[in-house]
Amino acid sequence: MQRISFPMKIKRVALITPPYHSGVVESAGTWLNLGFVYLAGALRQAGFEVDYYDAMSCWHDWPEIQKRIEDFRPDCVATAAFTASVVDALALLRLAKEINPQVITVIGNVHATFCYEDLVSKNTFLDYVIRGEGEGALPALLTCLKERGSLAKVPNLVYREGKIIHVNRQAPMLTELDRAVPAWDLPDWSMYSYFPKPQSTLAIVSSSRGCTQNCSFCSQKLFWQQTWRARSPENFVAELELLHRQHGVTVAMLADETPTLDRQRWLKILDLLIERQPGVKLLMETRVDDILRDHDIMEKYRLAGIEHIYVGVEAGTQAMLDIFHKGTKVESSKAAIDLINQADIVSETSFVLGMPDETPESIKNTVDLALHYNPDMAFFLAIAPWPYADLYPTLEPHIATDDYRRYNLVDPVVKPIAMTLSEVSEALGGAAQRFFMHKFHKLKTLSPWKQEFMTKVFSILVNNSYLAGQMMAMAQSGKGSMPPEILEIVRQGKTDVGKNFAPIP
Ligand code: B12
């Protein structure tokens with residue numbers, strides 16, 4: 001008798017962020033999941049109903065997550081994992097399968113894109129991995145399952161069949177980014193805020209995708225296969241206007257790795273922002289060399305509402321910059337940070353420390369250099385050996401733990417030859433203390449708006465960030481005496497920094 005295959009009922013898709021916290025970025029704000037906003041838009045276009053559930057930003061724990069899954073009764077639960085969040089992402093999918101063994105479980109994002117074999121072979125509760133961009137692949141997978149089509153035709157898909165792991169080819173990346181349909185109506189905007197700007201409503205937006213750089217410690221050039229595509233300036237600026245008008249967004253972080261790669265396009269964006277004043281201040285990352293290139297238009301950056309620029313300096317010596325394949329010169333970083341400061345824009349940078357040859361002396365030298373560069377903020381990060389990054393083979397012999405939850409740039413994972421992990425941890429805390437204590441004392445040299453902004457930042461650092469303990473200890477020991485206004489913040493012991501502030505546990 002011929003078997004008739006009926007269509008499967010797949011209608012409801014829950015997109016859930018893993019409840020992972022490293023305590024770094026959460027001290028500065030609550031951040032939406034932009035990948036999910038795009039995936040939700042594509043899923044709805046394909047006829048699926050979506051629950052966008054940002055458990056991470058809600059600070060929800062397993063009982064709340066379980067309840068939400070039980071209430072929504074999804075046919076598919078999908079989650080996202082970068083390396084630090086993969087353990088919780090898997091726990092989330094395991095829970096979904098326990099609640100309903102019929103549910104389809106899917107994982108995507110950067111860790112899944114590279115470590116798919118490990119994920120699929122070790123976790124029987126995980127049904128599918130999608131590599132790379134998900135807008136085409138996730139609806140294609142669910143439609144294929146619904147219609148009982150051939151999984152071999154679903155692009156970017158990795159799946160198990162008995163003992164065989166199938167790895168489908170990756171489709172070309174989206175070229176027409178203007179045609180994407182982000183589901184901006186789904187996030188609960190009341191919870192997304194940037195704490196240094198009280199009562200702000202914060203979005204994450206993307207004006208371009210990709211990275212053409214070659215940094216050996218990073219994952220992004222691999223994820224985007226060193227390509228870069230961009231939205232048109234009109235389309236991007238219209239989105240900011242919409243976010244402000246419909247959702248009250250007042251601050252947006254650009255998720256782009258290199259938003260200014262094409263100077264003509266960037267100039268047009270700045271001109272449109274200046275002309276239309278969408279009511280949204282921007283926080284962005286860019287490259288040292290692109291700031292130097294744009295020295296003549298930094299005033300436009302400011303007039304366009306760019307309030308905060310992060311440039312990844314990463315290393316304090318030319319030798320280390322070369323190991324990181326940064327393609328920049330040590331002296332360029334100082335010049336770029338000077339340009340940002342001169343434009344009265346908040347400057348931020350980070351240094352990646354804890355390499356195998358790190359010593360207390362070299363960390364001290366890096367802090368000296370950070371003070372010389374004089375950004376408003378500097379963060380001292382612990383190198384994380386992403387298992388798929390170019391630098392991995394160099395770091396592998398020095399890896400002290402395979403607990404991916406610690407691969408968060410805060411916890412040291414690589415053990416330098418001359419230091420213990422706890423010495424690295426202390427040295428990173430000490431580096432931040434020294435840097436920010438110096439900045440406390442220079443507060444009055446900043447422009448009035450920067451003084452106000454930086455006071456909020458200090459308040460967050462002293463009371464709420466992962467550095468809080470060290471900052472408090474310093475204040476209490478009387479070491480590196482604090483200016484009175486900062487002591488007052490410490491004394492008050494709490495901050496008025498956001499509309500939905502979730503304290504770091
Ligand atoms: C926004 C952001 C965040 C947000 C995350 C918000 C959230 N709710 O998840 C915040 C600020 C909270 C954050 C935190 C962290 N982040 Co972060 N973050 C970014 C950033 C800047 C942009 C990501 C983004 O929105 N991209 C744009 C969207 C459209 O692309 P996408 O997310 O890749 O999504 C697409 C695909 O990946 C795929 N996809 C994604 N998810 C899924 C899920 C499924 C099911 C499918 C099918 C497909 C799919 O489809 C999407 C659409 O095409 C990236 C760097 C970058 N420029 O990409 C770093 C980055 C992802 N973060 C990183 C890190 C390390 C962290 C932290 C661990 C540490 C830190 N110091 O910041 C913390 C940990 C989080 C925590 N809670 O403690 C690293 C990850 C490195 C790695 N290889 O693991 C990155 C790459 C930065 C870097 N260059 O190193 N981050």
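This tour moves through a predicted model, stop by stop, and says what to select at each one.

**The ligand and its surroundings**

Begin by selecting the ligand together with the 43 residues around it, and then pick out Gly-35, Ala-80, Phe-82, Gly-108 and Gly-134, which come nearest. Next, colour the elements that give two or more residues to this shell, namely helix H1 (34-45), helix H2 (55-58), strand S3 (76-80), strand S4 (104-108) and helix H5 (110-114). Among these elements, H1 deserves a separate selection, since the largest share of the shell, four residues, comes from this helix. If you then colour the shell by residue class, you should find 23 nonpolar, 15 polar and five charged residues around the ligand.

Now widen the view and select domain 1 (12-167) and domain 2 (193-441) in two colours; because both domains give residues to the shell, the ligand lies between them.

**Helix H10**

Move on to residues 263-276, which form helix H10, and place a distance between the C-alpha atoms at its two ends: at 1.5 Å a residue, its 14 residues should span 20 Å, and the end atoms are 20 Å apart, which agrees. Within H10, show the side chains of Trp-266, Ile-269, Leu-270 and Leu-273, which are the buried residues of this helix. Looking down the axis, you can see that these residues cover an arc of only 95 degrees, which puts them on the same side of H10. An α-helix has 3.6 residues a turn, so residues three or four places apart point the same way.

Which residues are exposed on the other side of H10? Select Gln-264 and Glu-275, which are the ones to look for there. To see what the buried residues of H10 pack against, add helix H9 (233-247) and helix H12 (298-303) to the display. Before leaving this region, step just past the end of H10 to Gln-277, which takes a positive phi of about 40 degrees.

**Two loops with a positive phi**

The next selection is Gln-225, in the loop between helix H8 (220-223) and strand S10 (228-230). Although Gln-225 is not a glycine, this residue has a positive phi of about 50 degrees, and with 12 C-beta neighbours inside 10 Å it counts as exposed.

Finish at Asn-374, which is found in the loop between helix H15 (360-373) and strand S15 (377-382). Here phi is near 65 degrees, again a positive value in a residue other than glycine. Is Asn-374 exposed or partly exposed? With 16 C-beta neighbours inside 10 Å, Asn-374 counts as partly exposed.

Technical notes
Residues numbered from 1 in each chain as written. Predicted model: local features only at pLDDT ≥ 70, side-chain atom pairs only at ≥ 80, totals over all residues. Near = placed C-beta within 6 Å. Nonpolar A, V, L, I, M, F, W, Y, C, P; charged D, E, K, R; others polar. Domains from an automatic or database assignment. Expected span 1.5 Å × (residues − 1). Buried ≥ 20, exposed ≤ 12 C-beta atoms within 10 Å, placed from the backbone. Arc of directions from axis to C-beta. Contact = placed C-beta atoms within 7 Å.
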